[in-house]
Amino acid sequence: MAILPAMETPSASPWLLLIVSLPTGGATARMRIWRALKAQGCIALRDGAYLLPSHAEQAAQLGDLAAETSEEGGQSWLLRVQARNAEESAALQALFDRTADYDDWLADLFEARQNLATLSAAELNRLLRRHQRTYQALRRIDFFPNETSLRAQAQWQDFSNAIEAILSPGEPHMAEGGIVRRDPVHYQGRRWATRRHLWVDRIACAWLIQRFIDPAARFLWLESPADCPADALGFDFDGAAFTHVGERVSFEVLLASFGLDDNRGLAQLGALVHALDVGGVAVPEAAGFEAMLAGARKRLPDDDALLAETGAVLDSLYAHFSSGRHKT
């Protein structure tokens, strides 16, 4: 590899090389920095020398690790380098081949899929999130995607679809288009319908309708979306009046539809529902709510009882999120 002059532009240097040297007694700092570099996808060329493609989003963090090295009494050099020829460039790129990591993950995914039918809803959701975290971490450091990357993407989609089919038969697909603003005055004393055996998005929607949109709402719990009466307002199934739109789950669509999305407490509840329903940014309270709901579903006889009990929990979560002391 060749070290580039300081005035060379980053776009002309495909590689960044961080060299760190820590005092002999800095074992704890050395391990902490090594773990951070590994998590960012760096490759160790030798002890203390770490390579990263300059186009990686993690590249900006190397400067922070260089500064941390200095704070620990060590020395660091962050250099821009380039391969001397095509053969050396290919060899460097090969160091970042994530095929073996993907293969290990895919083997775990295959084994997990064999037992899906025996797991509870809470166990399925935990399994889904665990594998999602691993997959997202791999994608983040997969700087040169190849055929294995595409195979992993397809297998992950199949796996998540299989869990979705078990958890929520008839779960709505993301629809395109805008969200029409509606006046709650015209939605009072109505019949509202959704699929029975309520789970996170549906029960949160029912609570929202009852508390903030239509206090006199009457609910129908459907065996199949096809059973929805023509005069009922459906929610959270394909073809319903209120269902997933773009990246928003049904709860978030209802918030936007009725002008409730600027309510701090409801917006935070929306983030919790989104994380549990389709994944995304973790919300600390989500795991506790999911465990409560899973236990309540086993214990209570029907969806009316489930809504009554879970509604009290959602009331408390709403008060918590609205208090101003909630940390995002």
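**Exercise 1. Surface and overall form**

How much area does the chain expose, and what share of it do carbon and sulfur atoms supply? Then set the chain against a compact globule.

*Solution.* The model is predicted. Start with the surface. The exposed area is about 17000 Å². Carbon and sulfur atoms supply 52% of that area.

Next, take the radius of gyration. For 328 residues, a compact globule would come out near 20 Å. The chain has 25 Å. Now look at the box. Along the principal axes, the C-alpha atoms fill roughly 75 × 45 × 40 Å.

Finish with burial and contacts. Of the 328 residues, 43% are buried. Take the contacts with a separation of 6 or more: residues 24 or more positions apart account for 76% of them. The secondary structure comprises 11 helices and eight strands.

**Exercise 2. Charge**

Count the positive and negative side chains, and state how far apart the centres of the two sets lie.

*Solution.* There are 32 positive side chains. There are 42 negative ones. The centres of the two sets lie 4 Å apart.

**Exercise 3. Two aromatic pairs**

Classify the pair W15 and F96 by its geometry, then place both rings in the fold. Do likewise for Y187 and F258.

*Solution.* Search the whole structure first: it holds 17 aromatic pairs. One of them joins W15 and F96, with ring centres 5.6 Å apart. The angle between the planes is 20°. Planes under 30 degrees apart count as stacked. The W15 and F96 pair is therefore stacked.

Now locate the two residues. W15 lies in strand β2, residues 15-21. F96 lies in the loop between α3 (86-94) and α4 (99-113). The partners are 81 residues apart in sequence, so the pair ties together distant parts. Both W15 and F96 are buried. Their cluster also takes in F143 and F144.

Turn to Y187 and F258. Their centres are 5.3 Å apart, and the planes make an angle of 85°. Angles over 60 degrees count as edge-to-face. The Y187 and F258 pair is therefore edge-to-face.

Place these rings too. Y187 is in the loop between α6 (147-167) and β6 (191-195). F258 is in the loop between α8 (250-257) and α9 (264-278). The pair links distant parts of the chain, 71 residues apart. Both Y187 and F258 are buried.

**Exercise 4. A leucine in a loop**

Where is L95, and which residues does L95 touch beyond four places in sequence?

*Solution.* L95 sits in the loop between α3 and α4. Its relative accessibility is 39%. Buried means under 20% and exposed over 50%, so L95 counts as partly exposed. Leaving out residues up to four places away, L95 touches I43 and L45. Now compare sequence and space for L95 and L51. They are 44 residues apart in sequence, and their C-alpha atoms are 9.5 Å apart.

**Exercise 5. Positive phi without glycine**

Is H197 buried or partly exposed? Is D236 buried or exposed? Give the phi of each.

*Solution.* Take H197 first. Its phi is positive, about 55°, although H197 is not a glycine. H197 lies in the loop between β6 and α7 (200-213). Its relative accessibility is 45%, so H197 counts as partly exposed.

Then take D236. D236 is not a glycine either, yet its phi is about 65°. D236 lies in the loop between β8 (233-234) and α8. Its relative accessibility is 1%, so D236 counts as buried.

Terms used
Residues numbered from 1 in each chain as written. Predicted model: local features only at pLDDT ≥ 70, side-chain atom pairs only at ≥ 80, totals over all residues. Heavy atoms only, no water. Phe/Tyr/Trp six-rings, centres within 6.5 Å; stacked < 30°, edge-to-face > 60°. Helix = DSSP H or I, 4+ residues; strand = E, 2+ residues; numbered from the N terminus. Buried < 20%, exposed > 50% of the residue type's maximum accessible area, 1.4 Å probe, protein only. Rg over C-alpha atoms; globule rule 2.2 N^0.38 Å. Contact = heavy atoms within 4.5 Å. Areas by Shrake-Rupley, 256 points an atom, 1.4 Å probe, with all protein chains shown as cover. Lys, Arg positive; Asp, Glu negative; His and termini not counted. Charge placed at Lys NZ, Arg CZ, Asp CG, Glu CD.
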